[in-house]
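Me: I'm new to reading protein models and would like a close look at a single part. Could you walk me through the salt bridges here, and show me what surrounds them?

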Amino acid sequence: MRKSLLAALFVLVCASPALARFIYVPAQYPTIQAAMTAAVSGDVVEVAAGVYSDVTHPCSPSDTTKTVVVMKSGVTLRGQGRNVTIIDALQLGRGIYCEGVTNAFIEGMTIRNAFAATYGAGIYVYNGSAVTIRSVEVKQSYDGGIIVRTNCTPTIQDCWITGNSAKEGGGLAIVEGSNGTVTGCWIIGNQAPSGGGVFIRA
C-alpha cells in the first residue's frame with residue numbers, strides 16, 4: 001500500500017507543470033538579451049528600473065538590423081513600469097523583435113528612440129507571432145511604433161504609442177494577413193504619409 005502511494009505521488013509530481021523561473025536583469029544577467037538567451041518557455045525575465053541600450057543583436061540571419069531584445073516563445077519580459085524600465089535604442093536599431101513568437105508577454109516598460117529603415121522600429125511583430133503587449137509605452141521611434149506583419153495575431157492592451165513616425169502607420173501598422181485585439185490604448189501624435197496613427201492593410 002505504502003509503495004503504491006509513493007508511486008502515485010511520484011507520478012503526480014512528475015506530471016505537475018514546472019513553476020515559473022524568474023531571471024533578473026541586471027542582478028543575474030547584465031543585459032536583457034543575455035537573460036532572454038538563458039530563458040526557456042515559462043520563465044519570466046524581470047528587468048529592474050534603469051535604461052537599457054544594448055543594441056547589438058541581429059534580429060535574424062536574414063534581417064541584420066540590430067535590436068536590444070530578440071523575444072522567445074513562452075517567455076514573459078516584464079519591466080517595473082512605464083518611464084521606469086526603459087529600452088533606449090539610441091536610433092541604432094529596433095527595441096524588441098518577435099519572429100514566430102507565441103504565448104509571450106511584453107509588459108511594464110518604455111521603448112524609445114528606435115530606428116529601422118523598414119518595418120517596425122519600436123516593436124516588430126512578424127511572421128506568425130502571437131504575443132501580448134500590455135502597459136508598454138513606445139515613443140519617438142522611426143519606421144513605426146509597433147509594426148504587426150505577416151499572419152500575426154497580437155493582443156495590445158493599455159499601451160501608449162506616441163510621437164513615432166513611419167512611411168505607413170506611424171503609431172501602429174497591422175498588415176499582410178495579420179489581425180489583432182487593441183484595447184485601452186493611447187495613440188497620439190504619430191506621423192506618416194499613410195495612417196499617421198493606425199494603418200491597416202488586408
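Reply: Happy to! Let's warm up with one residue, Gln-33, which sits in helix α2, residues 32-38. Gln-33 has a relative accessible area of 10%, so it counts as buried. Setting aside its neighbours within four places in sequence, Gln-33 is in contact with His-57, Val-68, Val-69 and Val-70.

Before going further, keep in mind that this is a predicted model. The mean pLDDT of the protein is 92, and 91% of its residues reach 70 or more. One stretch needs care: over residues 5-17 the pLDDT is below 50, and beyond near neighbours in sequence this stretch has zero contacts in the model. Where pLDDT is low, the predicted coordinates should not be read in detail.

Now to the salt bridges. A search of the whole structure finds ten of them, and we can visit a few.

Start with Arg-134 and Glu-107, whose closest N and O atoms are 2.6 Å apart. This pair links distant parts of the chain: Arg-134 belongs to strand β11 (residues 130-139) and Glu-107 to strand β9 (residues 102-112), with their positions 27 residues apart in sequence. How do the two partners sit, buried or partly exposed? Arg-134 is partly exposed, at a relative accessible area of 30%. Glu-107 counts as buried because its relative accessibility is 9%, and the cut-off for buried is under 20%.

Next come Glu-176 and Arg-149, whose side chains meet in a salt bridge at 3.2 Å, N to O. Glu-176 is in the loop between β15 (172-175) and β16 (181-183), while Arg-149 is in strand β12 (residues 146-149), so this salt bridge ties together parts that are 27 residues apart in sequence. Here Glu-176 is the partly exposed partner, with 29% relative accessibility, and Arg-149 is buried, with a relative accessible area of 15%.

The third pair is Glu-168 and Arg-201, joined by a salt bridge of 3.0 Å, N to O. Glu-168 lies in the loop between β14 (160-162) and β15, and Arg-201 lies in the segment after β18 (198-200), so the pair ties together parts that are 33 residues apart in sequence. In this case Glu-168 is partly exposed at 34%, and Arg-201 is partly exposed too, at 33% relative accessibility.

Salt bridges can also share partners: Glu-46, Arg-78, Glu-107 and Arg-134 are joined into one network in this way. You have already met Arg-134 and Glu-107 as a pair.

The third pair leads us to another feature, the largest pocket. Which residues line the largest pocket? Glu-168 and Arg-201 are both in its lining, together with Thr-118, Tyr-119, Gly-120, Asp-143, Ile-147, Lys-167, Ala-173 and Val-175. By class, that lining has four nonpolar, two polar and four charged residues. The space in the largest pocket comes to about 170 Å³.

To finish, try your new reading skills on Ser-60, which is part of strand β4 (residues 57-60). Its relative accessible area is 12%, so Ser-60 is buried. Not counting residues up to four places away in sequence, Ser-60 touches Tyr-97 and Glu-99.

Note on methods: Residues numbered from 1 in each chain as written. Predicted model: local features only at pLDDT ≥ 70, side-chain atom pairs only at ≥ 80, totals over all residues. Heavy atoms only, no water. pLDDT = per-residue confidence, 0-100. Contact = heavy atoms within 4.5 Å. 1 Å grid on protein atoms, 1.4 Å probe; cavity = no way out; pocket = protein on both sides within 12 Å on 5 of 7 lines; lining within 4 Å. Points joined across faces, edges and corners; volume = space filled by probe spheres on them. Nonpolar A, V, L, I, M, F, W, Y, C, P; charged D, E, K, R; others polar. Helix = DSSP H or I, 4+ residues; strand = E, 2+ residues; numbered from the N terminus. Buried < 20%, exposed > 50% of the residue type's maximum accessible area, 1.4 Å probe, protein only. Salt bridge = Lys/Arg side-chain N within 4 Å of Asp/Glu carboxyl O.
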